[in-house]
Amino acid sequence: MPMQGPSDRASLLRLLEVARQLAAPSDLTDLLEQIINAGREVLGADRASVFLFDPETKELFIKIGTNLDELRFSIDKGIAGECACTRKIINVPDCYDDPRFNPEVDHRTGYHTCCLIAVPLIGLEDQLVGVLQLLNPTKGCFDEADEQIAAGIAAQAAVAVQRARLMDERMVKLKLERDLQLARQIQLDVLPKHLPQVRNYDLAAFSQPAEQTGGDIYDLIPIAASERNGEPVAGLLILLADATGHGIGPALSVTQVRAMIRLGVRLDAGLDDLLAHVNNQLNADLAGNRFVTAFVGRLDALRHTLTYHAAGQGPLLHLHAGTGDCEWRSASTLPMGVLADPPLDRPEPIVFDAGDVHALLTDGIYEYQNAEGEQFGKERVGEVIKQNADRSAQQILDALIGELRRFAGAAPQLDDLTAVIVKRSG
């Protein structure tokens, strides 16, 4: 129906003004309020609401409305629901005479809805964005001209809502990325900046998370006073820990473990007490389905022994240089956090002869799968260590990671990768 007369021209000018306002950048809440105010002003409605569509739940929910609380309902209910399903304007001249009308909101607020018009918000690519609903115009009821005006407002509003949602999602994503980068930097900062110099031993370490933050961590902590004057130390505490999963939560867990281990070393705690106290604290802190596997060992560089507990951490690989044989050891006790005061029967110490290599690897390395779903496995790890046993610890580690990359090819990294190589000098 063509518009004529001063009032029609005024409405057209107002529509153009509405289009200009909705084209301006705005957050979603402010935008919805603009849409509501524009609809009420142009159509002389007493009240208005915008119901947004949730495509995952197939529900409409009200984000903001005039004197209305938030509510959510399926699109197979009510007049707004039918408008969303049919994508057609619904003009109801007498709401209480229409069986689709739900008077619950009126009863709750004391408001009386005489008539309403519901207009679908259809955005770009024919996507349903929501429903604009206007109530009780000052002239008594909505007519065909009002439907045309409402459709014009709805077309502009739908695209504006899509844009605002995309901007909101973008801002949330940017904030999350900034938070993850900060968390990653904090996690990197607690890793050793330089590996300690240990008398008669060569060390190498590597860690790469599957995401920006990871559930793996390692630490190499000198425990001899000689470190203070720059001489090689004769004692070293070795930590390798792997929390279930990867991401922010596990990263916090293993960082907590590292902090407690460091404090225990400062307090000169014995190996058994150290593991017991950290375990019991994790058992109190972590949810029932969360735990941390860890290797905590003390290397005596004078006696060439490595005493340890392997709390759910395994397999452990020790290459005997004299025979070229790989000795595999399993975990010695339960993962940390599973049970308070678990049994701590300390396994036989690992003895280093000249040239021996000990490899501590998290399961992300053993279980790395190639495109065919085949795992890297123990055998390949052992073979790489054997073939490079006469090289430095760093060269052994580089060869292992290089072979892992070659094996994996283009297959994605699904778990965190962490390794510590300890080699006694020849």
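This passage describes the largest pocket, two helix pairs and two backbone features of a predicted model.

A good place to begin is the empty space in the fold. Rolling a probe the size of a water molecule over the atoms shows where such space is left. In this model, the largest pocket has a volume of about 510 Å³. Its lining is made up of 26 residues, and those nearest the pocket centre are Phe51, Leu71, Phe73, Asn102 and Val105. Two strands and two helices each give two or more residues to this lining: β1 (45-54) and β6 (128-137), together with α3 (78-86) and α4 (104-109). As for chemical character, the lining of the largest pocket comprises 13 nonpolar, seven polar and six charged residues.

Strand β6 deserves a second look for its backbone, since Asn136 is placed in this strand. The phi of Asn136 is near 50 degrees, a positive value in a residue other than glycine. Most residues other than glycine have a negative phi, and most peptide bonds are trans. A departure from the second of these habits is also present: the peptide bond between Gly314 and Pro315 is cis, with omega about 0 degrees. Pro315 belongs to the loop that runs between β11 (305-311) and β12 (316-320).

Turning to helix packing, helix α6 (residues 248-266) packs against helix α7 (residues 271-285) at an angle of about 145 degrees, and their axes are 10 Å apart. The crossing of α6 past α7 is right-handed. On the α6 side, the contact is formed by Gln256, Val257, Met260, Ile261, Gly264 and Val265; these meet Leu274, Val278, Gln281, Leu282 and Asp285 of α7. Sorted by type, the residues of this contact are seven nonpolar, three polar and one charged.

The second pair consists of helix α9 (residues 377-387) and helix α10 (residues 393-408), whose axes come within 9 Å and cross at roughly 140 degrees. What does this angle imply for the orientation of α9 and α10? The two helices are therefore oblique to each other, because angles over 145 degrees are needed to count as roughly antiparallel. Here too the handedness can be given: α9 passes α10 in a right-handed crossing. From α9, the residues Arg380, Val381, Val384 and Ile385 meet Ile396, Ala399, Leu400, Glu403 and Phe407 in α10. The contact of α9 with α10 contains seven nonpolar residues, no polar ones and two charged ones.

Note on methods
Residues numbered from 1 in each chain as written. Predicted model: local features only at pLDDT ≥ 70, side-chain atom pairs only at ≥ 80, totals over all residues. Heavy atoms only, no water. 1 Å grid on protein atoms, 1.4 Å probe; cavity = no way out; pocket = protein on both sides within 12 Å on 5 of 7 lines; lining within 4 Å. Points joined across faces, edges and corners; volume = space filled by probe spheres on them. Helix = DSSP H or I, 4+ residues; strand = E, 2+ residues; numbered from the N terminus. Nonpolar A, V, L, I, M, F, W, Y, C, P; charged D, E, K, R; others polar. Axes fitted to C-alpha atoms, helices over the stretch in contact; angles between N-to-C directions. Parallel < 35°, antiparallel > 145°, perpendicular 65-115°, else oblique. Left-handed = near helix turned anticlockwise from the far one by under 90°. Contact = heavy atoms within 4.5 Å.
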